[in-house]
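Me: Could you give me a close look at one part of this protein, starting from a single residue and working outwards? I am new to this structure, so please explain the terms as you go.

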Amino acid sequence: MNELYSFHDIEERWQAEWERQAVFQCHERVDRPKFYCLEMFPYPSGKLHMGHVRNYAIGDAIARFKLMNGYSVMHPMGWDAFGLPAENAAIERNVHPATWTMANIDAMRKQFKRLGYAFDWSREVATCHPEYYRWCQWLFLKMLEKGIACRKRTEVNWCGTCRTVLANEQVESGNVCWRCGQTVENREMDGWFLKITDYAEELLNDHALLEGHWPERVLTMQKNWIGRSEGAYVDFPLVGKDGKIRVFTTRPDTLYGATFMVLAPENPLVMTLADSEERCAMLRAFAEKSRQTDVIERTATGIPKEGCFTGTYAVNPLTGEDIPIWVSDFVLWGYGTGAIMSVPAHDQRDFEFARKYALPIRIVIAPEGCDLDSESMESAFEAVGKMINSGPFTGMSSDAGIGAITRYIEEKGIGCRAVTYRLRDWGISRQRYWGTPIPIVHCERCGMVPVPEDQLPVRLPDNIDFDWSLGGNPLSRVESFVSTRCPICGGPARRETDTMDTFIDSSWYYSRYCDPRNTREIVDPDKNNYWIPVDQYIGGIEHAVMHLLYARFIHKVMRDLGYGRSPEPFARLLTQGMVCLEVMRCPRDGYLYPEDVIDNGDGSYTCRICNGPVIAGRSEKMSKSKRNTRDPNDYIDRFGADTIRMFSLFAAPPQKDLDWSDSGVEGVFRFLKRIWRFVFDHRGLLEGLASGPIAAEDFGNDHAGAEVIHRKTHQTIKRVTEDFDGRYHFNTSISACMEIVNLLYSTPIPEEGAADYQPIRCAVREAVYALLHMLNPFAPHMMEELWHELGGTSLLAQGPWVTWDDAIAAEQSIEMPVQINGKIRVRLTVSADATPEELETRVRQDETVARWVEGKTIRQVIVVPQRLINVVIK
RNA sequence: GCGGGAGUGGCGGAAUUGGCAGACGCGCUAGGUUGAGGGCCUAGUGAAGGCAACUUCAUGGGGGUUCAAAUCCCCCCUUCCGCACCA
């Protein structure tokens with residue numbers, strides 16, 4: 001055995017060995033329970049960052065633990081390989097997106113392998129591969145058949161920088177592109193949509209299956225996004241015109257108080273309502289102004305809302321009164337029916353609008369025990385109360401009134417019960433090249449024709465001209481692609497040139513891993529049913545409502561197509577925190593790279609560029625623009641994969657943000673070296689440790705030093721094992737292992753032949769045996785190496801895991817704190833199985849206790865077994 | 001505005017069916033080893049007071065429940081995240 005811990009050699013050796021023995025290749029074994037461990041697959045940007053290292057280190061620890069515990073573990077890896085960066089690289093550097101992507105995949109795969117993650121590489125997929133995307137196209141055709149996919153012309157979010165349409169989920173803070181951060185604009189365009197709204201109810205209800213297994217806030221975010229609300233549609237007939245306006249309300253009980261109506265400016269009805277040419281022009285101008293108003297400004301609270309009267313009236317169907325129809329941009333065209341009934345007395349927005357334009361306010365709900373006055377009231381009364389001025393419903397509670405009025409309008413045929421959602425259909429058309437072509441042909445004679453299944457995949461052409469200045473989708477300029485024959489009539493036709501949102505690719509990849517080379521089917525249903533659901537899914541919180549909602553939707557679609565039984569794709573979800581580092585900023589030169597910062601050693605820093613003082617900012621997510629990134633490669637070079645992996649698990653629990661720290665990394669490196677050195681220094685004593693278990697009788701139980709190690713070992717196995725089964729707080733698992741190592745260092749190892757040599761030898765051998773197993777999920781290379789050095793012929797990776805004995809883990813005697821009136825005054829060493837009565841007697845006899853009690857009387861002695869004793873005196 | 005998370009030494013973080021606050025690591029201090037430095041080893045390290053045994057204070061702030069509160073309840077502050085006229 002080498003005295004030096006030469007991590008590079010060790011890591012290469014074991015990576016090769018795992019690969020040679022195909023240790024991480026999995027199969028559908030019926031003799032073992034299965035465990036599907038999955039981390040969100042990466043976009044092949046070409047370089048791993050610390051966030052990746054952490055994400056995959058978490059999953060790898062779990063996967064390895066499960067494998068050691070006898071599970072049939074699937075832990076696959078692949079590439080979310082379609083997307084804009086590849087196409088942008090093509091434009092900037094004149095490299096084909098496929099070439100660029102493939103080179104990136106190769107580079108990242110190498111990095112992954114250097115980190116020694118336990119992936120089953122035989123299942124690798126890349127979404128840009130025709131054998132993958134043909135099944136995206138197939139899925140699209142199935143959804144078209146079932147009416148889930150459709151084409152329509154609507155207002156869409158257009159990102160000018162990315163030159164494509166975005167789905168609503170991909171627009172952040174109301175108007176910002178999730179990818180590039182630029183403001184999006186509204187455009188009316190044709191596009192393909194998936195009716196995720198058909199599944200809204202199920203997506204919402206099935207949250208119940210995930211509760212307790214998914215982070216609460218992800219469920220809350222999805223719930224808010226789906227935004228279910230219950231109420232009724234009510235029709236208001238127009239005065240002097242045919243037709244009616246349908247509104248959605250959650251408060252049918254306030255219908256008698258509806259004194260005007262408001263339509264969204266985009267509502268096409270608006271133009272038909274104008275009572276004069278002049279009014280028509282005004283409304284058109286108003287709509288145009290709304291369109292140009294920033295979405296944030298238009299919808300922000302606190303800003304008074306502009307309105308415009310149409311000149312037309314509708315009839316309140318319950319009061320029979322004529323009420324004016326207005327237009328205002330606080331009513332959204334995308335929600336409900338794009339029209340509302342306004343009840344200013346009981347809705348704050350309506351109230352403010354009514355005050356501004358002097359519209360009538362009628363009170364129809366009275367709060368318990370007091371009266372409202374429409375003249376003097378300063379805000380709407382939105383709570384429940386007693387119905388007044390409401391015809392036959394007067395006197396009813398407003399709660400009961402909701403049901404009663406709904407039934408009434410249903411009987412009269414002027415409305416019906418209804419549920420609406422905030423969730424909109426998923427717009428999947430993208431006007432860019434590097435994505436899955438939508439398998440549709442536009443024929444002059446036959447219209448839109450789906451490409452027959454046996455003609456899939458519709459391949460992306462290679463001969464692309466990426467000249468950005470030409471604008472539009474480069475795909476539409478490839479005549480050989482666009483021009484085709486109609487599958488029905490054989491006549492000339494043109495291919496659809498929109499490609500699919502890449503979120504479709506990532507909505508079912510976890511199923512494809514179950515059967516990645518199937519050329520006949522998207523996945524074999526039996527294989528899918530064996531592995532799915534993913535038992536543990538791990539990724540960033542940023543996908544809470546994008547990927548994670550889309551994937552749940554597509555999963556349910558696939559289930560309905562007969563490709564699986566499980567209602568949900570991901571049984572448990574862990575959202576890992578970000579990797580952060582403090583930013584260095586110079587007032588003159590902006591964010592600084594580490595090499596441009598001089599550490600003065602006294603907590604202050606100097607800018608190397610201008611010699612001015614540098615402001616050490618707070619810790620923020622590592623990002624290129626803030627220049628606070630660190631390259632995993634540098635750390636692998638200096639400390640090895642085991643160190644960087646273990647640090648990213650040790651520095652914080654997985655769910656929390658992690659502060660990167662170079663000295664923290666060195667601390668972990670030091671710990672690993674300490675293990676190495678201990679084994680090296682005691683290689684004689686530890687020799688052959690791996691070849692056979694330690695018999696209980698070898699210990700003897702008369703030596704205190706051995707017993708302490710023995711007990712600590714079993715306690716630690718228990719702690720670490722339970723951390724894996726519960727919260728995944730690996731930071732505490734690792735620190736527990738550090739405690740054992742510290743204990744081993746502080747135990748004097750006797751000379752061979754000394755009386756206590758045998759029991760100590762056994763205890764130390766057992767401790768090291770356990771350590772190698774427990775640390776294997778975190779630092780697998782070093783542990784395999786030491787295992788091998790100590791006579792192991794099997795692989796630690798294949799287990800079995802270590803077990804503990806509660807009887808050994810139990811303390812014989814414990815130091816029990818004794819409190820007097822809640823303050824610790826003395827500690828007594830007592831036998832662990834002492835009865836409360838014995839303990840109380842001990843305490844009453846104790847000198848120190850007596851000193852504190854002197855002159856007072858003991859009122860009560862509280863004995864908490866195994867914990868403490870509290871003496872209450874007065 | 002609504003909803004959710006967080007707030008513990010110089011730093012990252014332990015400890016929550018209420019029961020020894022600060023495990024473990026970083027940093028710092030001292031000693032040892034070394035020609036020096038680094039590395040490694042040992043000890044110390046929440047604050048204040050005291051020669052000391054020890055005492056007092058301390059988990060964002062203020063109240064409360066309890067023999068006992070970082071943990072439970074009420075009010076407030078700070079911060080991060082999500083949603084934001086959704087009818």
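Reply: Happily! Let's begin with Y728, which counts as buried because its relative accessibility is 5% (buried means under 20% relative accessible area, exposed over 50%, and partly exposed in between, with a 1.4 Å probe and protein chains only). This is a predicted model, in which local features need pLDDT of at least 70, side-chain atom pairs count only at pLDDT 80 or more, and totals for chains, interfaces and linings use all residues; side-chain values use heavy atoms, leaving out hydrogens and water. Residues are numbered from 1 along each chain as its sequence is written, while chains are lettered from A and ligands numbered from 1 in the order in which they are written.

Y728 sits in the loop between α24 (704-725) and α25. Helices here are DSSP runs of H or I with at least four residues, strands are runs of E with at least two, and both are numbered from the N terminus. Y728 is not a glycine, yet its phi is positive, near 60°. Most residues other than glycine have a negative phi, and most peptide bonds are trans.

After that loop comes helix α25 (residues 730-746), whose 17 residues reach 24 Å from the first C-alpha to the last, close to the 24 Å expected at 1.5 Å a residue; the expected span is 1.5 Å times one less than the number of residues. Its buried residues include F730, I734, M738 and V741.

Another buried residue to visit is P777, with a relative accessible area of 1%. P777 belongs to the loop between α26 (757-775) and α27 (780-789). Leaving out residues up to four places away in sequence, P777 touches A61, R64, F65, M68, R645, F724 and W801, where contact means heavy atoms within 4.5 Å. K66 is 711 residues away from P777 along the chain, but their C-alpha atoms are separated by 9.5 Å.

Now for P800, which lies in the loop between α27 and α28 (806-809). The peptide bond joining G799 and P800 is cis, with omega about 5°. A cis bond also runs from L456 to P457, where omega is near -5°; P457 is in the loop between β22 (447-450) and α14 (479-482).

For a contrast with Y728, look at A358, also a non-glycine residue with a positive phi, about 55°. A358 counts as exposed because its relative accessibility is 70%, and its loop runs between α12 (348-357) and β16 (365-366).

Let's finish at α3 and α4. The buried residues of α3 are L84, A86, E87, A89 and A90, and they pack against α4. Just after α3, N94 takes a positive phi of about 60°. In helix α4 (residues 97-115) you will find T101, which counts as buried because its relative accessibility is 1%. Leaving aside neighbours within four places in sequence, T101 is in contact with P44, A81, A86, C128 and W434.
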